[in-house]
Amino acid sequence: MLTVGPEQAADAVKKALQMGADAGVHVVDDAIHGSDAVATSLVLAKALGQLEHDLVVFGMESTDGTMGVVPAMVAERLGLPAVTLGSEVTVDGSTVRIRRDGDASSDTVEGTLPLVLSVTDAANEPRYPSFKGIMAAKKKPVQTWALSDLGVPAAILISSSPEGKEIAARLAVKLESGLITDAVDVQAGDGGPVTRQSVFAGRYTVQARVTKGTPIITVKPNAATPDAAQTAGTQPEVEELDVSISDLAKTARITASRPREATGRPELTEAAIVVSGGRGTGGDFGPIEAFADSLGAAVGASRAAVDSGWYPHAFQVGQTGKTVAPQLYVAAGISGAIQQGAGMQTSKTIVAINKDAEAPIFELAGFGVVGDLHKVLPAATDDVKNRKG
Ligand SMILES: Cc1cc2nc3c(=O)[nH]c(=O)nc-3n(C[C@H](O)[C@H](O)[C@H](O)COP(=O)(O)OP(=O)(O)OC[C@H]3O[C@@H](n4cnc5c(N)ncnc54)[C@H](O)[C@@H]3O)c2cc1C
């Protein structure tokens, strides 16, 4: 007896064992809640793939909210023939004879195992659990599986880098799955993971959920704080795959590559800490860089600083620059224009240093220092260094 469903479905497994089934398997996982027939058939087929099976029997009503399509979908996934609407079934060795009551005719179908079959309520008389059956069921094995036990991912998470999005886009087409990009948060929810994204230059936050296939989600680097694994000593499974690249794909290739000049600092979009400077630096990024280096941070710049030629465009943060979502973003001498905010306001903690107490950046910041960055930053740098020892 195999069932896919919420916690309560365990009762159905128990009853089936009391009625005579030898063993039970219950697939239960938050990510399956609210699944449609396509997703349900995928989970059932994956579970059957792990169980020895020859005749797979489905009920007509209970499997998919009376749609009557899950048996055929499972058969398609397993590459097996399916006979639906069986009202009389006899098995003789590997031969199965089925009376199939269709709308236009009543047919006798003969098939060979393995086979998927769905039966109507005419197939047999309902049997009730006997006392003996109830006692025997207590000793019968019941397994509870989650999606991870079936090798079905609840979601495929990919980094929101340009390369990551390219991979995600192609994978979504290949798997015919829904795709969400630039998520800053992913939480388990009914019917699959729910993501949070910041859109329209950060003016709106939207929640989204993939409704088709295995959710493919690109997540902004550093958007989530890493948590220690719940089970101590858990080692992630690394699987090596042989990849074959088509001749057609090889027609576009890199003919020259020049590594970007190493700054010795982390990559701006991947750094856990970013220290950015704006027009308030007056063109001297020395204090910004020194503070960044004391924290192991990346350096960013506002458009005003970039347009003034004080820092390269590759380091511009904002609507027309890079979008960052680090754990800590320090904005020094930056007024906090909406276009700057678009690139950094999903940062976990924002600290602003500005000599104007009325600067809009203080509305975005969790912490602020009203003062001259040329005094505040060197003092902060010294303090960090002293604390590090
Ligand atoms: C279509 C479009 C796209 C844009 N894209 C971007 C973008 O991607 N990124 C971006 O940043 N901007 C962008 N902008 C520009 C944006 O509107 C602002 O003009 C820009 O962000 C201002 O940069 P700033 O804060 O460094 O300069 P200002 O707005 O001039 O602010 C300087 C701040 O420094 C403070 N200050 C001065 N001296 C000191 C000191 N000694 N110590 C401490 N504080 C001091 C001042 O009080 C002031 O608040 C865009 C604009 C447009 C129209």
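This is a short chat about a predicted model and the ligand it holds.

Me: Which residues come nearest to the ligand?
Reply: Gly 278, Gly 280, Arg 303, Gly 318 and Ser 335 come nearest. They belong to a group of 27 residues around the ligand.

Me: Which elements give two or more residues to that shell?
Reply: There are helix H7 (303-307), helix H8 (338-341), strand E18 (349-354) and helix H10 (373-388).

Me: And where does the largest share come from?
Reply: From H7, which gives three residues.

Me: How do the shell residues divide into nonpolar, polar and charged?
Reply: Seven are nonpolar, 15 are polar and five are charged.

Me: New topic. What is the order of the strands in the open sheet?
Reply: The order is E11-E12-E13. Three strands form this sheet, and the pairing is antiparallel.

Me: Which strands stand at the edges?
Reply: Strand E11 (185-187) and strand E13 (204-209) do. Each has a single partner strand, so one side of each is left without a neighbour in the sheet.

Me: How are neighbouring strands turned against each other?
Reply: By 25 degrees on average, with direction ignored.

Me: What holds strands together in a sheet, in general?
Reply: Strands of a sheet pair through backbone hydrogen bonds. The pairing can be parallel or antiparallel.

Me: Back to this one. How many bridges join E12 to E13?
Reply: Six bridges do, and E12 covers residues 194-199. On that side, Thr 195 stands opposite Ala 208 in E13.

Me: And how many join E11 to E12?
Reply: Three bridges, again with the strands running antiparallel. Here Val 186 of the sheet stands opposite Thr 195 in E12. So Thr 195 turns up in both pairings: it faces Ala 208 in E13 and Val 186, as strand E12 lies between E11 and E13 in the order.

Me: What about the hairpin of E11 and E12?
Reply: Six residues lie between the strands. Gly 191 in this hairpin takes a positive phi near 80 degrees.

Me: Let's switch to helix H1. Which residues are buried there?
Reply: Val 13, Lys 14, Ala 16, Leu 17 and Gln 18 are buried. The helix covers residues 9-19.

Me: What do they pack against?
Reply: Strand E1 (2-4), strand E2 (24-27), helix H4 (131-137) and strand E8 (142-145).

Me: What comes just after H1?
Reply: Gly 20, which takes a positive phi of about 135 degrees.

Definitions and conventions. Residues numbered from 1 in each chain as written. Predicted model: local features only at pLDDT ≥ 70, side-chain atom pairs only at ≥ 80, totals over all residues. Near = placed C-beta within 6 Å. Helix = DSSP H or I, 4+ residues; strand = E, 2+ residues; numbered from the N terminus. Nonpolar A, V, L, I, M, F, W, Y, C, P; charged D, E, K, R; others polar. Pairing = 2+ DSSP bridges. Axes fitted to C-alpha atoms, helices over the stretch in contact; angles between N-to-C directions. Buried ≥ 20, exposed ≤ 12 C-beta atoms within 10 Å, placed from the backbone. Contact = placed C-beta atoms within 7 Å.
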